[in-house]
Protein chains: 2
Amino acid sequence: MNPYFKFEILHECAQSGARLGRLTTPHGVIETPCYMPVGTQATVKAMSPRELREIRTQILLSNTYHLYLRPGHELVKEAGGLHKFMGWDGPILTDSGGFQVFSLGDLRKITEEGVEFRSHLDGSKHLFTPERVMEIEAALGADIIMAFDECVPYPADRAYTERSMHRTHRWAKRCQKSQLRQDQALFGIVQGGTFADLRAKSARAIADMDFIGNAIGGLSVGEPKIVMYEMLEVVNDILPKNKPRYLMGVGSPDCLFEGVLRGVDMFDCVLQTRIARNGQALTSRGPLTIRNATFERDFTPVDPDCDCYACKNFTRAYIRHLIKAEEILAARLLTIHNLRFSLRLMEQMREAIKNDRLLDFKKEFYEKYGLAQ
Amino acid sequence: MNPYFKFEILHECAQSGARLGRLTTPHGVIETPCYMPVGTQATVKAMSPRELREIRTQILLSNTYHLYLRPGHELVKEAGGLHKFMGWDGPILTDSGGFQVFSLGDLRKITEEGVEFRSHLDGSKHLFTPERVMEIEAALGADIIMAFDECVPYPADRAYTERSMHRTHRWAKRCQKSQLRQDQALFGIVQGGTFADLRAKSARAIADMDFIGNAIGGLSVGEPKIVMYEMLEVVNDILPKNKPRYLMGVGSPDCLFEGVLRGVDMFDCVLQTRIARNGQALTSRGPLTIRNATFERDFTPVDPDCDCYACKNFTRAYIRHLIKAEEILAARLLTIHNLRFSLRLMEQMREAIKNDRLLDFKKEFYEKYGLAQ
């Protein structure tokens, strides 16, 4: 028993089987299912920590690969850790850098030892091993840290996917052995590509290692959504019910619903912040491209159903003007809105689970949003 | 007597002669001397209206030329005016576009009628006349509106400066005649380049027109500061004491002091927000380029003497990291700080005037800041 962490299932929706949970960490309690905004470089793009609080962010994700390269994990440690460095005193999760280094393509070389790669910033050479990643994540000091894994691209052949999966399992064990701090919850990551039997094998292997939480990686990398949902079912049938499950890199409204319905507790996604900087908003009636000329004289809020600062104080016409004029406030207001939209969606799902009506809520949401059931 | 506006002199500093005043406008009271942050395109770059309130902004400036071209003054009017459009319910001042259209160089042609110019955005042809500018400023709906003037470049020959000055006076009268709203205070603008006798002539002409307030334009355009101070003395000796005096486009700490000491009540400047986006901070110990490597591991606030959100919550090392990583929060934090620094400096000057010690305060400030007395 690790005294720093606790995961409780508070309720299971009688209508859908989805679960309501509570994860306790050294920096606070997280009600699940939850969505985690992404702060790649020790800042959620365009947001301040107090704005993140205001929209009721429970936990942030930050990226180990980026922070290791800039400003460097040692500097973050000197600053007193990531929480203090970035001024966020709530829970933080760091990924392992696995996804980023594998995305470097020709710039990286995989061996049993780890991954040698060149920085995308200055071309300098680096080596990530499970042990090294544990050291970096310990220095950053997040509440939840991820094991070093390989995220297999889509499509990938079965033989490669299987070989890589076994290596990810061996790396997971090495991460467990070299973990440095007890006040950090290490999560294992299930891989196995889009092969149901490999996913099942990986889920069993990771479950057997008895991590504090388990993640599902390598999904939403280009495969059809239906395949992702199938893999989720296979994996979550096997992963222990009494531990949090984190679906990595997934966060569109429909994926959030489908994940929660299949027993996922945690999600992260850059979609919300990225499309905001591109002039797009998620709303209760579907996505809107506020940049479009349609909104030139639209003096209504981005989303009349929203309780965020942007929707309470500004119009589509004003935000469109800010976008056209390339003003920073445009990205700020749409980021606040898109994040609040997703966080509120999770609040509503938690409420619906509690009231045994998640399927009803899904139907209502999809109808208004314009999604097929 | 215009019932919407009132200007009171509350105190004169026994040590320096500088004045403490209070200007009442339809959207609130402004304690003077004051600094006005600039929101060129209906937004102070990187700031939200509630952040502007938090740092105790009293009045904002916005640019008629920019808003006329984008989103268009008619759209702003439809939105309910500039206050409502941008979500700022405090006082606003709009300039006349004069400075901007004259800065277009080859893209503009001056006649007695007005200025024909091409948009810097799409090359389209437009005509600004005093009457047209009054119409545009009425549509925008600011509390204080500026007369349409010609800002003569530096250096300029005497003959041209004099001809232009007389035209500016004729235009000022046309502005007065065509002003559309009584709930807007029209300010006249003194010109005359760097010629003391022309400045005196212009100050008398503008004073005679009995505007609610008077502005001093065409300074800080490249002339030595000593020349600017001399012109200020000539002009402010003539401009009526019982009306607010606004020195346009000036706002570095030393110019704020020298202006206040010569009887100026209002200032605006883009320096604060512009250098913030370039990684530079104004501090009580002089300007700092936070972007520099010196600050890589400096875990102290940008300015230990500052009470702003950035200085209370973040370090130089963190802000430097944000700058290097090209994160929006860098511009946000430094803008909050630089504006708060300048607004607080004016608060301190007002306090010093009240206590008859503005010269003492100036000495203390200059010593710490590293300015020669």
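Take a residue as buried when its relative accessible area is under 20%. That cut-off comes up again and again below, and keep in mind that this is a predicted model.

**Helix 8 of chain A**

With the cut-off in hand, start at helix 8 of chain A, where the buried residues are Leu198(A), Arg199(A), Ala200(A), Ser202(A), Ala203(A) and Ile206(A). General helix geometry helps in reading such a list: an α-helix has 3.6 residues a turn, so residues three or four places apart point the same way. What do the buried residues of helix 8 of chain A pack against? Their partners in chain A are helix 7 (158-178), strand 11 (185-190), strand 12 (213-216) and helix 9 (225-238).

Zoom in on Ser202(A), which sits in helix 8 of chain A. Ser202(A) has 0% relative accessibility, so it counts as buried. Setting aside neighbours within four places in sequence, Ser202(A) is in contact with Met165(A), His169(A), Val190(A) and Gln191(A).

The length of the helix checks out too. Helix 8 of chain A covers residues 196-208, and at 1.5 Å a residue its 13 residues should span 18 Å; the end C-alpha atoms are 18 Å apart, which agrees. Just after the helix, Asp210(A) takes a positive phi of about 60 degrees.

**Strand 11 of chain B and its neighbours**

Over in chain B, look at strand 11 (residues 185-190). Here 6 of the 6 residues are buried, so the strand is largely enclosed by the rest of the structure. In general, the side chains of a regular strand alternate between the two faces of the sheet. For strand 11 of chain B, Ala185(B), Phe187(B) and Ile189(B) are buried on one side, and Leu186(B), Gly188(B) and Val190(B) are buried on the other, so to speak covering both faces.Two strands pair with strand 11 of chain B. Strand 10 (residues 144-146) of chain B runs parallel to strand 11 and is joined to it by 3 bridges, with Leu186(B) as the bridge partner of Ile145(B). Strand 12 (residues 213-216) of chain B also runs parallel to strand 11, through 4 bridges; there, Phe187(B) has Gly213(B) as its bridge partner. Together, strand 11, helix 8 (residues 196-208) and strand 12 of chain B make a right-handed β-α-β unit.

**A hairpin in chain A**

Strand 8 (residues 115-118) and strand 9 (residues 125-128) of chain A tell an antiparallel story, with 4 bridges between them. Lys125(A) in strand 9 is the bridge partner of Arg118(A). The hairpin has 6 residues between the strands, and Gly123(A) takes a positive phi near 75 degrees in it. Which residues of strand 9 of chain A point to the buried face? His126(A) and Phe128(A) do, while Lys125(A) and Leu127(A) point to the other face and are not buried.

**Three residues side by side**

Here is how Ser202(A) compares with two residues from chain B.

| Residue | Relative accessible area | Class |
|---|---|---|
| Ser202(A) | 0% | buried |
| Asp254(B) | 14% | buried |
| Arg22(B) | 29% | partly exposed |

Asp254(B) belongs to helix 10 (residues 253-261) of chain B. Not counting residues up to four places away in sequence, Asp254(B) touches Lys225(B), Tyr229(B), Tyr366(B) and Leu371(B).

Arg22(B) is part of strand 2 (residues 19-25) of chain B. Outside the residues up to four places away in sequence, the contacts of Arg22(B) include Lys6(B), Phe7(B), Glu8(B), Val29(B) and Thr32(B). The C-alpha atoms of Arg22(B) and Met266(B) are separated by 11 Å, although the two residues are 244 apart along the chain.

**The whole chain and the pair**

Stepping back, chain A has 15 helices and 16 strands. Its radius of gyration is 20 Å, close to the 21 Å that the globule rule gives for 373 residues, so chain A is as compact as a globular protein of that length. Along the principal axes, the C-alpha atoms of chain A fill a box of roughly 60 × 50 × 40 Å. Buried residues account for 61% of the 373 residues in chain A. Among contacts in chain A with a separation of 6 or more, 66% are between residues 24 or more positions apart.

How do the two chains relate? A turn of 180 degrees and a shift of 0.0 Å along the axis lay chain B on chain A with an RMSD of 0.0 Å. That is the relation of a two-fold axis. In chain B, the C-alpha nearest the axis belongs to Ile328(B), 3.7 Å from it. Both copies use the same surface: 100% of the contact residues of chain B recur in chain A.

Definitions and conventions:
Residues are numbered from 1 along each chain as its sequence is written. Chains are lettered from A and ligands numbered from 1 in the order in which they are written. This is a predicted model: local features need pLDDT of at least 70, side-chain atom pairs count only at pLDDT 80 or more; totals for chains, interfaces and linings use all residues. Side-chain values use heavy atoms; hydrogens and water are left out. Buried means under 20% relative accessible area, exposed over 50%, partly exposed in between (1.4 Å probe, protein chains only). Helices (H or I, at least four residues) and strands (E, at least two) are DSSP runs, numbered from the N terminus. Two strands pair if DSSP finds at least two bridges between them. A crossover is right-handed if, with the strands pointing away from the viewer, the path from the first strand over the helix to the second runs clockwise. The expected span of a helix is 1.5 Å times one less than its number of residues. Contact means heavy atoms within 4.5 Å. Copies are superposed by least squares on the C-alpha atoms of residues with pLDDT of at least 70 in both. The radius of gyration is taken over C-alpha atoms; the globule rule is 2.2 Å times the number of residues to the power 0.38.
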